[in-house]
Each structure stands twice: as structure tokens, then as C-alpha cells.
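Reader: I'm new to this one. Could you walk me through the labels people put on it?

Author: Happy to; let's look at it together.

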Amino acid sequence: MPNNTYQTWTQTGSFMASIMFIYAMFMRLVPSTLQTRVRRYTNKFTTFLYPYIRITFHEFTGERLIKSEAYAAIQTYLSEHSSQSATRLKGEVVKVKDTYNPVVLSIDENEEIVEEFQGVKLWWGSYKITPKTHSFSVFRSSDEKRFYKLTFHKRHRGLITETYLRHVLEEAKAIETKNRKLKLYTNSSTRWSHVGFEHPATFETLAMNPKEKEGIMNDLVKFKSGKSYYAKIGKAWKRGYLLYGPPGTGKSTMIAAMANFMNYDVYDLELTAVKDNSDLRRLLINTSSKSIIVIEDIDCSLDLTGQRKKKKKKEKVEGRERKSSDEDDDDDDEERGSKVTLSGLLNVVDGIWSACGGERIMVFTTNFVEKLDAALIRRGRMDKHIELSYCCYEAFKVLAKNYLDVESHHLFPRIGKLLEETKITPADVAENLMPKSVDEEVDT
């Protein structure tokens with residue numbers, strides 16, 4: 001018996017070796033046109049014998065420019081339904097209000113699960129391909145290719161393609177609505193990564209004049225409900241806000257309050273991490289709707305007014321005069337720097353590419369509005385300019401309510417007069433109002 005088993009394995013190995021040799025000779029000696037024809041008939045023969053249909057859903061579409069909505073929906077759907085049948089799962093802790101289970105499980109890479117729909121059995125598989133490469137770049141982007149594969153018997157083609165896939169998309173949308181949580185994104189090259197957005201700021205706790213606050217909230221509400229209006233007037237459904245003022249006046253807090261008020265995700269765009277205009281466009285079209293795209297301290301992010309070229313030219317001239325030993329290293333650092341231009345940024349804000357997607361808010365912040373190029377902040381790009389200045393009496397009362405739970409005090413009139421004479425930021429006022437020990441009281 002052992003001899004028969006040994007002979008069987010020997011014959012199988014010889015057969016496989018012969019097949020590999022014939023295939024190698026076929027690839028080397030047979031013309032490519034004939035190879036294509038042979039493959040075509042081979043595929044037909046295989047399809048005749050193999051009764052299953054396979055549909056692949058890739059993570060990215062359009063030359064890897066846009067993340068596939070179908071892939072995202074399937075990912076959400078399988079996360080909800082795979083925990084009962086998959087043997088290998090990925091776990092992620094999320095913080096969603098009114099949830100009894102903060103751990104979300106999803107199917108791991110190279111894992112398959114079986115599902116049944118209206119009595120029909122089908123198979124889902126999650127896969128990842130990582131190409132082997134030895135190239136290196138400072139602005140390296142991941143070449144990993146992820147995809148889902150759906151397999152089912154060909155006699156159920158109509159049921160799966162017409163009914164089941166629609167069921168998956170509708171179910172995924174319902175799951176997303178139920179588990180909705182705000183996200184804070186940051187960029188690295190052409191990819192976004194995120195964490196949960198948990199900033200507690202609201203317009204109620206925002207220290208500024210109540211009338212100005214109400215005006216901003218009304219503007220945001222009008223924008224959120226303006227899809228048909230923007231379509232009617234022929235404009236992309238987006239709006240730009242420029243927040244400017246001295247440091248410590250609440251620009252970042254305003255963005256957080258806007259995100260919580262609108263229930264929008266926040267994309268914190270770091271321009272210095274973007275290689276060039278092409279990568280900037282890729283990042284833009286990979287942002288979702290219902291989002292706020294933020295560029296903080298835009299006057300410091302990049303020199304977008306043409307001075308950068310003069311600076312480079314001056315450095316090169318000085319470098320030739322000095323003939324320093326580290327000149328080559330400096331040139332390498334310069335080449336690795338971001339090449340995003342003012343023109344590229346303008347196209348993202350208000351050009352053709354700005355219409356890729358809808359219901360987006362673009363926010364720029366700066367401490368020195370006079371340093372920005374007029375073309376960047378003109379109306380139509382930055383539609384609403386909001387000055388966040390030094391603390392006024394109305395803002396102080398909001399801070400006193402937030403930090404000390406005090407709505408009136410005998411020192412309020414005196415403080416109001418002092419605020420008219422003194423320039424102090426809301427951040428400084430808040431620091432003075434915050435109790436430094438358990439013994440300090442309101443009067444202190």
C-alpha cells in the first residue's frame with residue numbers, strides 16, 4: 001500500500017513537471033497572437049466546465065483616483081454580517097453614541113465567508129495584493145490593491161445582479177446612518193487616514209458676539225439645504241469660509257463647532273505633505289460629501305505668492321558664492337519639498353476639480369489676512385470672511401458661563417469697561433477663568 005501511494009505521488013509530480021515544461025515552451029515559442037487565441041478558447045472551455053460567476057469590486061476606480069462607493073458599501077455590509085461566520089476578523093474600537101458594543105468587527109484579508117440570500121448560497125472573499133517593489137520615494141504612496149470577490153452559481157445571475165447587490169447597497173446605507181460618527185482625517189502623500197472626531201465645541205460654548213454667531217449658523221443651515229438651489233444657479237455645491245484674526249481668538253474652535261453643528265467630517269489638509277498639484281487633486285476627489293476641508297494657517301503652509309521662486313534663486317546664488325560642502329544636500333532637500341502652486345490650489349478651491357462631489361465646506365484660517373494673495377480669498381472662493389478678534393464683553397459672558405457657571409456678577413460691569421480698553425484674546429480670558437485648584441471660587 002505505501003508503495004502504491006509513493007508511485008502515485010511520483011507520477012503526479014512528473015505530470016506537473018511536464019505541464020510546466022510544455023507551458024514554458026508555449027510561452028517562449030508560440031507567437032503572442034496565437035497565444036491570445038488559445039487563451040480565449042481555453043477560457044470558454046473553462047467557463048463551460050466551471051458553473052460559477054465571480055464579480056470583483058476593487059477599492060479604487062478611475063486609475064486609482066477615486067475610492068469605489070461599491071467597495072465602501074460592501075465593507076460596511078460585511079462588517080455587520082461577517083462576525084457570525086468568519087473565522088478571522090479585524091477588530092476596531094469606535095465611539096458611537098447610544099451603542100452597546102464599541103467594538104466593530106470586519107472580515108480580515110484573504111478570508112472568505114458564506115452567505116445565503118433567498119435560499120441561494122454565495123461566497124464573499126476579501127483579498128489584498130502587495131506588489132514587490134524596490135523603489136523608494138519620500139512621497140511614497142501605498143501600492144497595495146484591495147478588493148472583494150463575490151462568487152455564485154451562474155443560474156442565479158439575475159437574482160444576484162438585480163436584487164442582491166441592490167439589497168447590499170441599501171443595507172450598507174442604513175448601517176452607516178445608524179453607526180454615523182464624525183471623523184478627523186489627515187493626509188500623507190495621496191492617502192487619507194482618520195481618527196474619531198471628538199471635539200466638544202459647539203456654537204453655544206463659542207465665545208463671540210451672539211448676533212455674529214447666529215448669522216454664521218443661519219448661513220450654514222442655508223447651505224446644507226441648498227442642493228437644488230446650487231444646481232439651479234449652476235454652481236458646485238460648496239462654500240468657502242475664511243477665518244482670520246490674532247492667535248488665540250478661536251479659529252480652530254470655530255471649525256470644531258461648525259463640524260458638530262453640521263454633523264460633517266473634517267479633513268485637515270497639510271499642504272507641506274503634498275508633493276505637487278496632481279496629488280492635491282487626488283486628495284480632493286477622495287474626500288467625501290458632508291465634509292469640511294480645512295487648511296489652517298494657510299499663510300504659513302506654503303509660499304503661494306511667487307516669493308518662493310525668488311527665495312530659491314537667491315539661495316542658489318548664495319550657494320554658488322559660498323561653494324559650501326553641503327550644497328548637494330540642500331538641493332536634495334529642495335527637490336523633496338512640496339511643489340504645490342497657487343494656481344493648483346485655486347483650481348482645487350474654485351476650478352473644475354472643485355465640482356468633484358458636493359456638500360463640502362472649505363475653510364482657510366490665517367493670523368495675517370493681508371499676507372494672502374487676493375485671488376485666493378476673493379468672493380466665490382472664500383464666500384464668507386469671518387473676523388475672530390479680541391474678547392468682547394458678550395464673549396466674556398459666554399466664557400464665564402462655560403468655565404464658572406456664572407451668568408451675572410457684581411464685577412461684570414467693571415470687566416466690561418476693562419475689555420473695551422484692553423486687547424486680550426478669548427484664550428487668555430479662558431485661562432484666567434479656569435480654576436487652578438479645588439479651593440478657588442468664583443470671586444477668586
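**Labels and the reasons for them**

Author: Let's start with a pair of rings: Phe223 and Trp237 are both buried. Keep in mind that this is a predicted model.

Reader: What makes Phe223 and Trp237 a tilted pair?

Author: Their ring centres are 6.1 Å apart and the planes stand at 45°. Centres within 6.5 Å count as a pair, and planes that are neither under 30 degrees nor over 60 apart count as tilted, so that's the label. The pair also links distant parts of the chain, with Phe223 in helix α5 and Trp237 in the loop between α6 and β11, 14 residues apart.

Reader: How many aromatic pairs does the rule give?

Author: The count comes to 13. One of them is Trp124 with Tyr164, at 6.4 Å centre to centre and 40° between the planes.

Reader: Why is the Trp124 and Tyr164 pair said to tie parts together?

Author: Trp124 belongs to strand β7 and Tyr164 to helix α4, so the pair joins parts 40 residues apart in sequence. Ring pairs also link Trp124 and Tyr164 with Phe57 and Phe117 into a cluster.

Reader: How do you know whether Trp124 is buried or exposed?

Author: Its relative accessible area is 0%. Buried means under 20%, so Trp124 is buried. Tyr164 also comes out at 0%, so buried fits there too.

Reader: Why is Asp297 called partly exposed?

Author: Asp297 has a relative accessible area of 33%. That's between the 20% and 50% cut-offs, so it is partly exposed. Asp297 sits in the loop between β13 and α9, and its phi is near 50°, a positive value in a residue other than glycine.

Reader: What makes a positive phi worth pointing out?

Author: Most residues other than glycine have a negative phi. Glu359 is another residue with a positive value, near 55°. Glu359 lies in the loop between α12 and β14, and at 6% relative accessibility it counts as buried, because the limit is under 20%.

Reader: What makes Lys371 count as lying over the ring of Phe368?

Author: Lys371 lies over the face of Phe368, 4.6 Å from the ring centre, and the distance limit is 6 Å. Arg239 meets that limit too: its charged end sits over the ring of Tyr241, 5.9 Å from the centre.

Notes. Residues numbered from 1 in each chain as written. Predicted model: local features only at pLDDT ≥ 70, side-chain atom pairs only at ≥ 80, totals over all residues. Heavy atoms only, no water. Phe/Tyr/Trp six-rings, centres within 6.5 Å; stacked < 30°, edge-to-face > 60°. Helix = DSSP H or I, 4+ residues; strand = E, 2+ residues; numbered from the N terminus. Buried < 20%, exposed > 50% of the residue type's maximum accessible area, 1.4 Å probe, protein only. Lys NZ or Arg CZ within 6 Å of the ring centre and 35° of its normal.
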